[in-house]
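The following explanation leads from the overall fold to individual strands, side-chain pairs and a patch of the surface. The reader is invited to keep the sequence and the coordinates in view throughout.

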Amino acid sequence: MSDAISLASSLPLPVPASEGDETFRHVPYKRQGLKSNFNKSLKIENSTENVVPYQALPVQGPLISLNYTPALAVLEPDHLHKEEYEARTTKVLLDYKAKLQERTKHHMGYPYNLDFDYGALEGLQKFSINNLGDPFIESNYGVHSREFEIGVLQWFAKLWEIDSEDYWGYITNCGTEGNLHGILVGRENHPDGVLYASKETHYSVFKAGKMYRMPTEAVNTLPTGEIDYEHFRMRLRANQNKPAIVNVNIGTTVKGAVDDLDRVLEVLTEEGFDEDRFYIHCDGALFGLMIPFVKQAPMVTFKKPIGSVSVSGHKFVGAPVPCGVVITRKEYVEALSSDVEYLNSRDATIMGSRNGHAPLYLWYTLTKKGYEGMRKDVEKCLRNAHLLKSMLEKVGIKTMLNELSSTVVFERPLEESFVKKWQLACQGDIAHVVVMPNITLDKLEVFVQDLIQSRARVSVAAMKQIAADARAADPEADA
C-alpha cells in the first residue's frame with residue numbers, strides 16, 4: 001500500500017491591519033522565526049473524535065473525470081405554439097436559476113466571492129458597453145465605461161504604490177489574460193529572455209510561454225508550494241547569458257503559497273542579473289488583493305523593481321462576470337503599443353473588444369466598501385480559514401494552511417459524489433477549500449459534518465468489503 005502524504009502544519013493567524021492603519025500601505029515583511037513543520041504529520045491535540053483514519057492515498061498522475069456537458073437545444077419559435085413556446089422558455093430559465101442557487105449553496109473549492117449585489121446596475125444591462133482599445137485614449141465608439149475603468153486602475157495603482165504618470169493598465173477579461181499580458185510585456189522588453197515559474201504556478205503562465213514560444217524553466221517548489229529559491233538559482237546559472245522573465249506567485253493555485261519577492265530579487269542580484277536584465281510579473285490572482293491588508297505581509301509594490309501585477313476581479317472582489325486587473329509600468333508597455341486608425345485609439349491589450357460592464361462592477365464594489373471594507377473582508381476570510389482548519393483537525397483530518405492564506409488544504413475525499421457536490425478542487429491526494437467572504441461559519445459547519453459522514457461511509461464500505469472477501473475465501477467463516 002502506498003504511504004499517505006504528510007501535510008505540513010500551518011502558521012499562526014496573520015494579523016490584519018487595524019482600522020487606524022493606512023491599510024493600503026505595506027509593512028516590510030519579516031518571517032520572525034516562524035517555520036512550517038514540513039514533512040511532519042499534524043498532531044491532533046485533545047481530539048476525541050478521530051472518526052476514521054487517513055483516507056486519501058496518493059494518486060498516480062492526473063485524475064480527471066471527463067464529465068461532458070450535454071447540449072440545451074435552442075427552441076425554434078416557429079415550431080411551437082406561442083403559449084407552449086413561452087411556457088417552455090420560462091421553465092428552462094426557472095430551472096436554470098434553481099440550479100444556480102443550489103450550486104452556489106454548495107460552492108467551496110474555487111476562489112470566487114459569490115457575496116455581491118449589483119441590483120443598482122441592472123438598468124445598464126441593456127447597453128452594449130465596450131471599452132475597445134487603450135482605456136486612457138477614447139475611441140470613436142462612444143458607448144464605453146472608460147472613466148470607471150480608469151478610476152479602478154487608480155485605486156489599484158495606489159494599492160501597489162505607483163504614481164499615476166508612471167503606470168499603465170487595463171481591466172482584463174480574467175486573471176489568465178492578466179498573466180498573458182504581463183508575460184508578453186516581459187517578452188517584448190527582453191525578446192531573448194527565459195521564462196521562470198515554479199511548478200505550482202497557474203497553468204496560464206506556462207500557456208503564455210507556449211503561446212509566445214519562450215524557453216521556459218519550471219522551478220521546483222518547497223512542500224508548502226512556495227518556489228524553491230536554490231533551484232531557481234541553479235536554473236538562472238544555467239541560462240546566465242539570457243535575461244530572466246520571472247513569474248512570482250502571490251498565492252499559488254492549490255496551496256495558496258506566496259513566493260517571497262524580496263528573496264527572488266536577492267537571488268537575481270547575487271547571480272549577476274541587474275535590473276535591466278530581468279522582468280518580474282507578480283501573479284496575484286486572489287491573494288494579491290488580500291495581502292496589502294495584512295500586517296507583516298510581503299511587500300508587493302512598484303517601489304521594488306517589478307514589471308507588472310495582475311489580479312482577478314471576480315475572485316476576492318466578486319462579480320457576475322470573470323474579470324481582472326493588470327498594472328504595468330508605462331515605459332514597458334510602449335514596447336507593444338501601436339496606433340490603430342480604425343479604433344482612433346491605441347492597441348496595447350490582449351483582447352480587442354473589452355467588457356465595459358466589468359469596470360462598473362469593480363468600481364461599484366470598491367466605492368461601496370473602500371479600503372476599510374476590504375480589510376474587514378480579509379480579516380473574516382483569514383479567521384474562518386483557521387476555524388475550518390481547527391474543525392477538520394478536531395475530527396482527525398490532516399490539513400495544511402499556509403501563512404497569509406485562506407486556502408485550507410486537506411485529504412482528498414474518496415467519494416467522488418462528495419467532491420462534485422461541494423465543487424472541490426483536487427490535485428493528487430489533496431483537495432482544498434478557498435475561504436471567501438461569502439463562506440460563513442454556518443456553511444463551514446455543514447461542510448465538515450457532511451465530510452465526516454462521507455468518510456464514515458467510505459470506512460463502513462471498506463469494512464464490509466473485508467468481511468465479504470473473508471466469506472468468499474472461506475464459506476464457513478461465520479460458522
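The account below begins with the chain as a whole and then turns to its parts.

The model is predicted. It contains 11 helices and 13 strands. Of its 479 residues, 51% count as buried. The protein exposes about 23,600 Å², and carbon and sulfur atoms supply 53% of that area. Among contacts between residues at least 6 apart in sequence, 75% join residues at least 24 apart.

One element that illustrates burial is strand β1, which spans residues 167-172. Six of its six residues are buried, so β1 is largely enclosed by the rest of the structure. Its pairing with strand β7, residues 324-329, is antiparallel and runs over six bridges. Within this pairing, T172 has G324 of β7 as its bridge partner.

A second region of strand pairing is an open sheet of four strands, arranged in the order β10-β11-β13-β12 with antiparallel pairing. Strands β10 (399-401) and β12 (425-427) occupy the edges; each has a single partner strand, so one side of each is left without a neighbour in the sheet. From one strand to the next, the twist averages 25°. The edge strand β10 is joined to β11, residues 407-411, by three bridges, and the two run antiparallel. One of the residues involved is T399, whose bridge partner in β11 is F410. Helix α9, residues 357-394, packs on this sheet and touches β10, β11 and β13 (430-434). The direction of α9 makes about 165° with that of β10. As a general point, side chains in a regular strand alternate between the two faces of the sheet.

The discussion now moves to charged side chains. The structure holds 21 salt bridges. In one of them, the side chains of E217 and R235 meet at 3.0 Å, N to O. Because E217 belongs to strand β3 (residues 216-219) and R235 to helix α5 (residues 229-238), the pair ties together parts that are 18 residues apart in sequence. How do the two partners stand with respect to burial, E217 and R235? E217 is buried, with a relative accessible area of 15%, whereas R235, at 24% relative accessibility, counts as partly exposed.

Helix α5 also supplies R233, which forms a salt bridge with E270 at 2.9 Å, N to O. E270 lies in helix α6 (residues 261-270), so this pair ties together parts that are 37 residues apart in sequence. R233 is buried, its relative accessible area being 13%. Both residues belong to a network of salt bridges that links E230, R233, R237, E270 and E271.

A further salt bridge joins the side chains of E334 and R346, at 3.9 Å, N to O. E334 is placed in the loop between α8 (330-333) and β8 (338-340), and R346 in strand β9 (residues 345-347), so the pair ties together parts that are 12 residues apart in sequence. At 46% relative accessibility, E334 counts as partly exposed.

The last stop is on the surface. Which residues make the nonpolar surface patch of about 320 Å²? The patch is formed by Y110, Y112, L114 and F116. Of these, L114 lies in the loop between α1 (82-105) and α2 (146-159). L114 has 30% relative accessibility and therefore counts as partly exposed.

Key
Residues numbered from 1 in each chain as written. Predicted model: local features only at pLDDT ≥ 70, side-chain atom pairs only at ≥ 80, totals over all residues. Heavy atoms only, no water. Patch = residues over 30% accessible without salt bridge, like charges linked within 9 Å, V, L, I, M, F, W, Y side chains within 5 Å. Areas by Shrake-Rupley, 256 points an atom, 1.4 Å probe, with all protein chains shown as cover. Salt bridge = Lys/Arg side-chain N within 4 Å of Asp/Glu carboxyl O. Buried < 20%, exposed > 50% of the residue type's maximum accessible area, 1.4 Å probe, protein only. Pairing = 2+ DSSP bridges. Axes fitted to C-alpha atoms, helices over the stretch in contact; angles between N-to-C directions. Contact = heavy atoms within 4.5 Å.
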